[in-house]
Amino acid sequence: MKLKLIFLPYFSFIPKKLNTNSTIFKIIKVFFVAILLSNPIYLSFFENIFTQTISPFLAIWGLILLLKHKKAKEYFWIGFFTGILWFWWIGLSSIYFNLSYLMPIIIFFVGLFYGLLFRICYWFKFDFLRLCGIFCLSFIHPFGFDWLNWGIFTVYGFFDTNYRGIICIFLIAYFIYEGYISRYYKIAIVLILFFIGLQYDEKQAQKLDISYKLINTNISQDQKFLSKNIESNVDFLLKEIIKAIKENKKLVILPETAFPFDLKNTSYENLLKNLSYQITIITGAFNKEDDHIYNSTYIFKEGNVYILNKHYLVPFGEEIPIFKNLVQKYFLPNTQEFSKGPIQSKYKLDHKIITNAICYEVTKEKNYQNSQIIIAISNNAWFNYSSEYKLQQLLIKFYASKYGVSVYHAVNGKENAIITPKKMLSKSWMELFKKIYKS
């Protein structure tokens with residue numbers, strides 16, 4: 001049997017009478033490829049050793065099926081659906097600006113943008129160059145938004161989480177697809193690439209040596225900044241801090257904008273300073289200085305307060321990168337842009353250097369360079385009931401594994417996370433086999 005027959009048809013259960021040339025069937029085919037190229041995001045909802053094992057191979061299958069399509073419009077639709085499956089949730093934030101009518105328009109333009117990028121890749125004459133073009137899409141960052149990162153293909157599975165692993169995944173897909181190489185040479189090349197891309201070691205990351213507590217809150221975005229709710233929400237946070245003190249914790253970490261106002265010169269600032277003699281407190285809040293407003297991390301320690309301002313701002317959420325006057329006049333008339341702090345903010349905690357990251361910043365590769373520990377705070381309530389937080393976690397896992405960094409992540413919305421470099425999946429399978437053998 002030829003190697004290309006290893007891969008089953010898209011849907012073997014589709015009735016034989018279905019016209020394979022019909023528009024519906026063609027849409028099913030391109031959508032299925034987009035699902036395969038998005039599989040790590042959605043399999044992460046069902047994370048186990050089996051889904052971790054198959055995830056990169058599903059991505060390889062998706063790349064093979066992509067190459068099998070020979071029309072520009074098919075590339076466009078694969079890109080269109082891939083963009084939507086990765087980023088459909090972007091439009092959810094419009095609800096909280098009373099612009100919910102824009103949500104389907106935003107989703108459409110997200111799909112259109114990535115559809116055009118995939119179609120441009122099709123214009124390359126040779127299949128190998130087309131695949132190289134798809135690979136290079138990871139380096140196209142509209143308005144600095146760099147979440148289309150094929151590195152998430154390596155977060156699960158046997159491949160190493162770096163560009164060596166990613167490149168091997170793409171090359172394996174190409175050589176399986178390639179029809180001008182004999183079967184035995186093809187098998188040999190694929191096996192060589194597999195072992196080149198394999199993870200052979202585990203990076204060791206520094207960890208916090210002090211006892212800590214991550215506080216998770218679940219305050220919906222439409223309620224978070226209402227003045228009538230601020231007092232009760234802050235009371236909850238203070239109770240959690242006091243509870244952490246009673247549990248003999250030395251550090252407590254609260255989410256982004258846990259205090260949804262400028263903390264400086266308030267009674268809450270004085271209260272947190274007093275509590276900081278018993279426990280170090282890291283929390284998010286606003287910081288107004290002169291005519292600037294920052295999204296900031298406040299660190300309360302031994303009666304002192306230190307403020308670190310966010311640098312990487314969310315396009316159209318925290319800053320308006322283009323058409324500023326037009327956007328502010330017709331869409332966001334009552335919003336104020338944030339100002340930028342330093343590129344990489346660090347501080348010392350228990351003799352260890354900590355890199356600060358606020359939400360969007362924790363997915364920025366530059367923050368992982370020259371870092372050992374990152375303490376991150378996020379507010380993911382903007383995108384509740386979506387896959388946004390799963391993609392965020394995958395990006396964190398990729399960079400944490402690539403650079404050997406541990407990340408402590410306190411979140412408003414979905415679950416908190418402590419993320420360390422990737423463990424070898426082969427070890428997990430060995431441990432499973434030992435348990436089965438002993439039982």
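**Exercise 1. An aromatic pair between distant parts of the chain**

Task: State whether Y368 and Y399 are buried or exposed, and classify the geometry of their ring pair.

Solution.
Step 1. Both Y368 and Y399 are buried in this predicted model.
Step 2. A pair of aromatic rings is described by the distance of the centres and the angle of the planes. A search of the structure gives 46 aromatic pairs. For Y368 and Y399 the centres are 5.4 Å apart and the planes meet at 35 degrees.
Step 3. Pairs count as stacked under 30 degrees and as edge-to-face over 60 degrees, with the rest called tilted. The pair of Y368 and Y399 is therefore tilted, at 35 degrees.
Step 4. Y368 sits in the loop between β8 (352–358) and β9 (373–379), and Y399 in helix α13 (residues 388–403). The two tyrosines are 31 residues apart, and their pair links distant parts of the chain.

**Exercise 2. Salt bridges**

Task: For the salt bridges of E47, R164 and K427, find the partner and the distance of the closest N and O atoms.

Solution.
Step 1. Side chains of opposite charge can pair when their charged atoms come close. The whole structure holds 13 salt bridges.
Step 2. E47 pairs with K397, with the closest N and O atoms 3.3 Å apart. This bridge joins distant parts of the chain: E47 is in the loop between α2 (39–43) and α3 (49–68), while K397 is in helix α13, 350 residues apart. E47 has a relative accessible area of 42%, so this residue counts as partly exposed.
Step 3. R164 pairs with D160 at 2.5 Å between the closest N and O atoms. R164 is partly exposed at 33% relative accessibility, whereas D160 is buried at 8%.
Step 4. K427 pairs with E202, and here the closest N and O atoms are 3.8 Å apart. K427 belongs to helix α14 (residues 425–438) and E202 to the loop between α8 (183–197) and β1 (212–214), so the bridge ties together parts 225 residues apart in sequence. With a relative accessible area of 43%, K427 is partly exposed.
Step 5. Salt bridges also link K70, D127 and R130 in a network.

**Exercise 3. A nonpolar surface patch**

Task: Name the residues of the nonpolar surface patch that includes F143, and locate F143 and I322 in the chain.

Solution.
Step 1. The patch consists of F143, F316, I322, F323 and L326, which together have about 470 Å² of accessible area.
Step 2. F143 lies in the loop between α6 (127–136) and α7 (163–177). I322 lies in the loop between β6 (304–309) and α12 (324–330).
Step 3. Patch residues need over 30% relative accessible area. F143 is at 43% and I322 at 31%, and both values are in the partly exposed range.
Step 4. Beyond its neighbours within four places in sequence, F143 contacts P315, F316, P321 and I322. The C-alpha atoms of F143 and P321 are 6.6 Å apart, although 178 residues separate the two in sequence.

**Exercise 4. Surroundings of a strand residue**

Task: Determine whether I373 is buried or exposed, and list its contacts beyond four places in sequence.

Solution.
Step 1. I373 is part of strand β9. Its relative accessible area is 0%, so I373 counts as buried.
Step 2. Outside its neighbours within four places, I373 touches Q206, K207, L208, K352, I353, I354, T355, V405, S406 and Y408.
Step 3. N325 is 48 residues from I373 along the chain, and the C-alpha atoms of the two are 39 Å apart.

**Exercise 5. The overall fold**

Task: Count the helices and strands, and explain why the protein is called as compact as a globular protein of its length.

Solution.
Step 1. The protein has 14 helices and eleven strands.
Step 2. Its radius of gyration is 24 Å, close to the 22 Å given by the globule rule for 439 residues, so the protein is as compact as a globular protein of that length. Along the principal axes, the C-alpha atoms fill a box of roughly 75 × 60 × 35 Å.
Step 3. Of the 439 residues, 54% are buried. The accessible surface is about 21700 Å², and carbon and sulfur atoms make up 61% of that area.
Step 4. Among contacts with a separation of 6 or more, 70% join residues 24 or more positions apart.

Methods:
Residues numbered from 1 in each chain as written. Predicted model: local features only at pLDDT ≥ 70, side-chain atom pairs only at ≥ 80, totals over all residues. Heavy atoms only, no water. Patch = residues over 30% accessible without salt bridge, like charges linked within 9 Å, V, L, I, M, F, W, Y side chains within 5 Å. Areas by Shrake-Rupley, 256 points an atom, 1.4 Å probe, with all protein chains shown as cover. Salt bridge = Lys/Arg side-chain N within 4 Å of Asp/Glu carboxyl O. Helix = DSSP H or I, 4+ residues; strand = E, 2+ residues; numbered from the N terminus. Buried < 20%, exposed > 50% of the residue type's maximum accessible area, 1.4 Å probe, protein only. Rg over C-alpha atoms; globule rule 2.2 N^0.38 Å. Contact = heavy atoms within 4.5 Å. Phe/Tyr/Trp six-rings, centres within 6.5 Å; stacked < 30°, edge-to-face > 60°.
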